[in-house]
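Visitor: I have a chain on the screen and some questions about its fold. Can you take me through them?

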Amino acid sequence: MFTLAEVASLNDIQPTYRILKPWWDVFMDYLAVVMLMVAIFAGTMQLTKDQVVCLPVLQSTVNSKAQPGMSGKADFTTVETTTGQGEDMSMRTVSFGSAPTVTPDVPLSRSASSQSQPTESGQEQKKELKDSLGRKTNLDFQQYVFINQMCYHLALPWYSKYFPYLVLIHTIILIVSSNFWFKYPKTCSKIEHFVSILGKCFESPWTTKALSETACEDSEENKQRLTGAQSLPKYVSTSSDEGSPSANTPMITKSGFKFSADKPMIEVPSVTILDKKDGEQAKALFEKVRKFRAHVEDSDLIYKLYVGQTIIKTVKFIFILCYTANFVNTISFEHICNPKVEHLIGYTQFECTHNMAYMLKKLLISYISLICVYGFICLYTLFWLFRIPLKEYSFEKVREESSFSDIPDVKNDFAFLLHMVDQYDQLYSKRFGVFLSEVSENKLREISLNHEWTFEKLRQHVSRNAQDKQELHLFMMSGVPDAVFDLTDLDVLKLELIPEAKIPAKISQMTNLQELHLCHCPAKVEQTAFSFLRDHLRCLHVKFTDVAEIPTWVYLLKNLRELYLIGNLNSENNKMIGLESLRELRHLKILYVKSNLTKIPPNITDVAPHLTKLVILNDGTKLVVLNSLKKMTNVAELELQNCELERIPHAIFSLSNLQELDLKSNSIRTIEEIISFQHLKRLTCLKLWHNKIVNIPSSITHVKNLESLYLSNNKLESLPTAVFSLQKLRCLDVSYNSIALIPAEIGLLQNLQHFYITGNKVDTLPKQLFKCVKLRTLCLGQNCITSIPDKVGQLLQLTHLELKGNCLEYLPATLGQCQLLRKSGLVVEDHLFDTLPSNVKEMLNQDTSIPFANGI
């Protein structure tokens, strides 16, 4: 048997869950405990006391005479006498009807003698004994126990036997139904997380400080006391407009209150000074609340589960009430039992008494009363669930009582949990609303940010970039620390994934700042800061998801030299750029656009006369309209990469000042238009790599000023002799094609310094190749070359030689004559390097400071 303490543990809910237990749930828990006690009490009494007590029903003589026609059945009356101590009990006299019967516990001799003397005198004698001794049965103790057990199962109604266990089962089901939403795997983790966060938000010092701060801001007296205070720490405005950044606002005005850092207890209330540890905890709470909201607000499983378990309890209450009302009258004190064991005991009917009937009936009435109360509470719960929309929760009262006007309304499970909390104490949800406010979070971020990122710590993160400039990269921070603007010698400032970036007037101290990176960072600037950036900023990188995220003040930086735009600039959003034209950028020289353009934006032509370099890197979107290129007469470098171009655009042939053209990663199959490049007298570098070019037309000879030609990753099968007529060619890249032969005319390229033919089908090297004595880079890897001529030693300026991936058996010893070649510049298999003479290997292993040039 289990104890009451063990049963109570079934209803043991963690104390922290009490804030999600409204009064009806608490009351139903108490009712369930009382019902458990009823079940335990009834079960204990039923197990510890006798079940039923039965006595045989003796048929009277009158009844037997009234039925003379019954043949084949014995009517008998027994008279029981006691001998000695009662150890031997037997029948003294038996009267028979029409059929002989042997009665148990009667000796055979006596039965036989009784049968041999069936006289009327015997009946008279029996009557006299009966009158003197009373009516006796012929059953012993064991037979009574047997009959009691039989009749307990046959005569006693099932509800009398199983009532305590039914009450126990029903109560356990009701308890489980009440607490199932706390234990269900898909809801318990959310509930535990919510309760944990809610408790921390309620007890957080930041909650009190933030609410007190809003009260201070509303006080005119406090505002007067704060006049003239120093600027640390600085608080932003608590209005929703200023608390949320807007990409359409080019600049912001300086706002917020300033508190004295020297005399905090005198200048401002103590609540405005935030302990660092408290700030870190509050910062973590804001993050938890944000993530929890995103995780919970998109579903209503908790609400549905609670409604479902309430409906189950209501249905359970109706079911219990219906069937219990039918069986309440079956619990009776007296019962008639007819066991089919006449051949064992000689009796067919017994009258039994159930000594627990009275108590069980009282307990059943108590149980029905409890169930009725429980059911009415369930009905009230259903009324509450459907009376108001519990999937919506508004902090309207909190917004009215405080300055946190940006607390958002929540929905679904998040809203339902807050409604449940309000049934416990509305103060919890009010204080919780502080952590849903962006204004409150921005205040905390600003304070914590300035605590964490001091001037000394920022100085440690300053590094030197490839251009030997001092650079600071701030990544995924809540804002821009004030100490950043004290780094007056900084040249490059990178702000990445900082949604609340604000650039104050203090940036005017950074006189060396010329390059700014805004990566997914819609920064807002103050008026004074904008004036400084407009006059001093030279290079700006902006990375965005949508063009609307580009700060509008970018288009007003009149002294900007370089602008890099990386993000979505599809045809619809191109209109957004037109709203703030680039025509103010009169000094812009370099424009880099990495996007998905279908045409060159018309507003780019506003600065076209000043551009010297235009780079467009598409994501595979076909660039169709290129007529605007004709206006870019001063462009010297043009890159159109991954634009799905099928031919060389004719608009390019109008760019008379073009020096370098890069058409990488397009779909160009033929370059017959290359003859038109003869009009571009300044064109020296042509990059047509990563296309689908099959052959090179002979008209390429007209592009006489060409110094670099890149044709790698195409479908070339041969090199025409026309290529080798370009006497000024210094770099030729035909890697990863299907070229099988290097023409002997390659020896005509006396100025060739870099030759790349890796990844082709070349099997032999012409001797004329080694007449190009100015070669510094020679890449012959991944071909079918079987031997390297000894004339390779004539390449005295060779610094890089790639031979890996061929069919070579040895390396020529003449490599030792290439005095500038070192092992780091020799790319071969290890076993081939071992075939060289020892003196050559020693020479190649020598360290040298000669710079390696792998291109122009």
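Visitor: What share of the accessible surface belongs to carbon and sulfur atoms?
Guide: Keep in mind that this is a predicted model. The accessible surface of the chain comes to about 41,000 Å². The share of carbon and sulfur atoms in that surface is 53%.

Visitor: What percentage of the residues count as buried?
Guide: A residue is buried when its relative accessible area is under 20%. The chain has 856 residues to test. The buried part is 48%.

Visitor: How many helices and strands are there, and what share of the contacts joins residues 24 or more positions apart?
Guide: The chain holds 25 helices and 26 strands. For the contacts, take those with a separation of 6 or more. Residues 24 or more positions apart account for 57% of them.

Visitor: Which residues does UniProt list as "transmembrane region"?
Guide: The listing comes from an unreviewed UniProt entry. It gives residues 27-47, 162-182 and 364-386.

Visitor: How far apart are the end C-alpha atoms of residues 162-182 and of residues 364-386?
Guide: Residues 162-182 are 100% helix and 0% strand. Residues 364-386 are also 100% helix and 0% strand. The end C-alpha atoms lie 31 Å apart for residues 162-182, and 33 Å apart for residues 364-386.

Visitor: In the open sheet with the order 1-5-4, which strands stand at the edges?
Guide: This sheet has three strands, with antiparallel pairing. An edge strand has a single partner, so one of its sides is left without a neighbour in the sheet. That applies to strand 1 (53-56) and strand 4 (334-337).

Visitor: By what angle are neighbouring strands of this sheet turned against each other on average?
Guide: Direction is ignored for this value. The average turn is 25°.

Visitor: What is the bridge partner of Val-53 in strand 5?
Guide: Strand 1 and strand 5 (residues 350-353) run antiparallel. Four bridges join them. Val-53 has as its bridge partner Thr-353.

Visitor: Which helix lies across strand 1, strand 4 and strand 5?
Guide: Look for a helix running at about 115° to strand 1. It spans residues 141-154. This is helix 6.

Visitor: Why is Leu-497 counted as partly exposed?
Guide: Leu-497 sits in the loop between strand 10 (492-496) and strand 11 (502-503). Its phi is positive, about 55°, although it is not a glycine. Most residues other than glycine have a negative phi. Partly exposed covers the range between under 20% and over 50%, and Leu-497 falls there because its relative accessibility is 34%.

Visitor: What is the relative accessible area of His-520?
Guide: His-520 lies in the loop between strand 12 (515-519) and strand 13 (524-525). Phi of His-520 is positive too, near 50°. His-520 is partly exposed, with a relative accessible area of 26%.

Visitor: Is strand 16 largely enclosed or open, and how many of its six residues are buried?
Guide: Strand 16 covers residues 590-595. The strand is largely enclosed by the rest of the structure, because the buried residues number five of the six.

Visitor: Which residues of strand 15 and strand 17 are bridge partners of Lys-594 and Val-593?
Guide: Strand 15 (residues 562-568) runs parallel to strand 16, joined by five bridges. Strand 16 and strand 17 (residues 613-618) also pair in the parallel sense, over six bridges. Lys-594 is the partner of Ile-566, and Val-593 has as its partner Ile-616.

Visitor: Which residue in strand 15 stands opposite Asp-546?
Guide: Strand 14 (residues 539-546) pairs with strand 12 in the parallel sense over five bridges. There, Glu-515 has Cys-539 as its bridge partner. Strand 14 also pairs with strand 15, parallel, over six bridges. Opposite Asp-546 stands Asn-568.

Visitor: Which residues touch the most other members of the largest nonpolar core?
Guide: That core has 133 residues. Its largest share, four residues, comes from helix 22 (residues 527-536). Another core, of 82 residues, lies apart from it and includes Met-45 and Leu-417. In the largest core, the residues asked for are Phe-677 and Phe-755.

Definitions and conventions
Residues are numbered from 1 along each chain as its sequence is written. This is a predicted model: local features need pLDDT of at least 70, side-chain atom pairs count only at pLDDT 80 or more; totals for chains, interfaces and linings use all residues. Side-chain values use heavy atoms; hydrogens and water are left out. Helices (H or I, at least four residues) and strands (E, at least two) are DSSP runs, numbered from the N terminus. Buried means under 20% relative accessible area, exposed over 50%, partly exposed in between (1.4 Å probe, protein chains only). Contact means heavy atoms within 4.5 Å. Accessible areas come from the Shrake-Rupley method with a 1.4 Å probe; for residues, only the protein chains shown count as cover. UniProt positions are given in the numbering used here, feature names are shortened, and annotations may be inferred rather than shown by experiment. Two strands pair if DSSP finds at least two bridges between them. Axes are lines fitted to C-alpha atoms, for helices over the stretch in contact, and angles run from 0 to 180 degrees between N-to-C directions. A nonpolar core is a set of buried Ala, Val, Leu, Ile, Met, Phe, Trp, Tyr and Cys residues joined through side-chain atoms within 4.5 Å.
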